[in-house]
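Q: Please take a close look at one helix in this model. I would like to know how it sits in the rest of the chain, and how far the prediction can be followed around it.

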Amino acid sequence: MKKRATSELKRYARECLLGKYPAVMLAMLISFFLPSILIVPFSVDLPEKLNVDFVIYVIALVIIQILGQLLAAGALRMHLLLAQNQQVVFRDLFWIFRNRPDRFILATVLLYAILAVPIILTGVIIYFFIPDEVMERAVFLLAVILFMIAVELYLIYMFEFIYPLYMEHPEMTIWEGFQTSKSLMHGNKKRLFLLQLSFIGWQILGFCSMGIGFLWIGPYMTQTTANFYLDITGGLDPKGVHMDVSIDEMI
């Protein structure tokens, strides 16, 4: 399957969002800020010893993080609908909670468990193998942490699209979603990384605007990612989008 260039995916993202920004902006704000607001009543200072309040805080944090992840997936669904020229309304943000939410919740728990493995292993390696010399310790810590970040990113990109797969395939089991996402991203992880990296200039502008610019930049990035998913699955609406043939494919 021919793959569309980054410029084409971005151009189509801008076309999809034209006149549709209010709904996706509101969805982005809720999915981003609601978890932060909900965790406030449970917040506690880090205790010297384990206590009930801290345990409650950790449990609440996990539940609220899962909620935030599901809301973000709901926002992504809105962008998928836009990419396919379908009508989008604000209640689409909560689509997951009306359509077998248990599957999405269990998938999120499994995803978090997978992502926790490199972090735990890094902690174990640092605890048992950290050198005594200050200089060697600094180099060791830097190398181990950079390696952990690389592994985390690899896993994140590998399972980037489990949620839209579950949305499109109600019959798909949780593990099938992970396996299918892994297959889809084979040879596409670098493409997606570079695609998201291409927004670095926009993100800098967003920070320079004290975050206000992200009201437009956030949906733009999510829409482009949604277009990328539909591109690699063959579901992107071809209207207004032409296939770019690379030099390698022409040879």
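**Helix H10 and its surroundings**

A: Start with burial. Of the 20 residues of H10, 15 are buried, so the helix is largely enclosed by the rest of the structure. This is a predicted model, and the picture below is read from it.

H10 covers residues 214–233. Its geometry can be checked by length. At 1.5 Å a residue, its 20 residues should span 28 Å, and the end C-alpha atoms are 28 Å apart, which agrees. Just after the helix, Gly234 takes a positive phi of about 80°.

The loop ahead of H10 links it to helix H9 (200–208) and holds Met210. Met210 has a phi near 60°, a positive value in a residue other than glycine. Its relative accessibility is 79%, so Met210 counts as exposed. Cys208 is exposed as well, at 63% relative accessibility. By contrast, Cys16 is buried at 5%. A search of the whole structure finds zero disulfides.

Now go inside the helix. Tyr229 belongs to H10. Its relative accessible area is 1%; under 20% counts as buried, so Tyr229 is buried. Leaving aside neighbours within four places in sequence, Tyr229 is in contact with Leu80, Phe161, Pro164, Leu165, Glu168 and Leu184. Leu80 falls in helix H3 (residues 52–83). Leu184 falls in helix H7 (residues 174–184). One of the partners is polar: the side chain of Tyr229 makes a polar contact with the side chain of Glu168, at 2.7 Å. Leu165 shows how the fold brings distant sequence together. Tyr229 and Leu165 are 64 residues apart in sequence, and their C-alpha atoms are 9.6 Å apart in space.

Next to Tyr229 in sequence is Phe228, which leads to the nonpolar core. The largest such core has 53 residues. Phe228 is among those with the most contacts inside it, along with Phe104, Phe159, Ile162, Tyr163, Met167 and Phe178. The largest share of this core, 11 residues, comes from H3. A second, separate core has five residues, including Ile39, Tyr57, Ala60 and Ile64.

Take Phe178 as one hub of the largest core. Beyond its neighbours within four places in sequence, Phe178 is in contact with Ala107, Leu110, Leu111, Ile114, Phe159, Ile162 and Tyr166. Two of these, Phe159 and Ile162, are also listed among the residues with the most contacts inside the core.

Helix H4 (101–129) gives another view of the interior. Thr108 lies in H4. At 0% relative accessibility, Thr108 counts as buried. With neighbours within four places set aside, Thr108 is in contact with Ile66, Gln69, Leu70 and Tyr163. In the loop between H3 and H4 is Asn85. Asn85 has a positive phi near 60°, in a residue other than glycine. It is partly exposed, with a relative accessible area of 48%.

Helix H5 (residues 134–158) can be checked for length too. Its 25 residues reach 36 Å from first C-alpha to last, close to the 36 Å expected at 1.5 Å a residue. The buried residues of H5 are Val144, Met148, Glu152, Leu155, Tyr157 and Met158. They pack against H4, H7 and helix H8 (189–197).

Step back to the whole chain. There are 11 helices and zero strands. The C-alpha trace spans about 60 × 50 × 45 Å along its principal axes. Buried residues make up 37% of the 251 residues. Among contacts with a separation of 6 or more, 73% join residues 24 or more positions apart.

How far can the prediction be followed? The chain averages a pLDDT of 88, and 93% of the residues score at least 70. Among the elements, H7 has the highest mean pLDDT, 95. Helix H11 (residues 247–250) has the lowest, 30. Over residues 240–251 the pLDDT is below 50. Beyond near neighbours in sequence, this stretch has 18 contacts in the model.

Terms used: Residues are numbered from 1 along each chain as its sequence is written. Side-chain values use heavy atoms; hydrogens and water are left out. Helices (H or I, at least four residues) and strands (E, at least two) are DSSP runs, numbered from the N terminus. The expected span of a helix is 1.5 Å times one less than its number of residues. Buried means under 20% relative accessible area, exposed over 50%, partly exposed in between (1.4 Å probe, protein chains only). pLDDT is the predictor's confidence in each residue, from 0 to 100. Contact means heavy atoms within 4.5 Å. A polar contact is a pair of N or O atoms within 3.5 Å; within protein, one must be able to donate a hydrogen and the other to accept it, and residues adjacent in sequence count only if both atoms are side-chain atoms. A nonpolar core is a set of buried Ala, Val, Leu, Ile, Met, Phe, Trp, Tyr and Cys residues joined through side-chain atoms within 4.5 Å. A disulfide is a pair of cysteine sulfur atoms within 2.5 Å.
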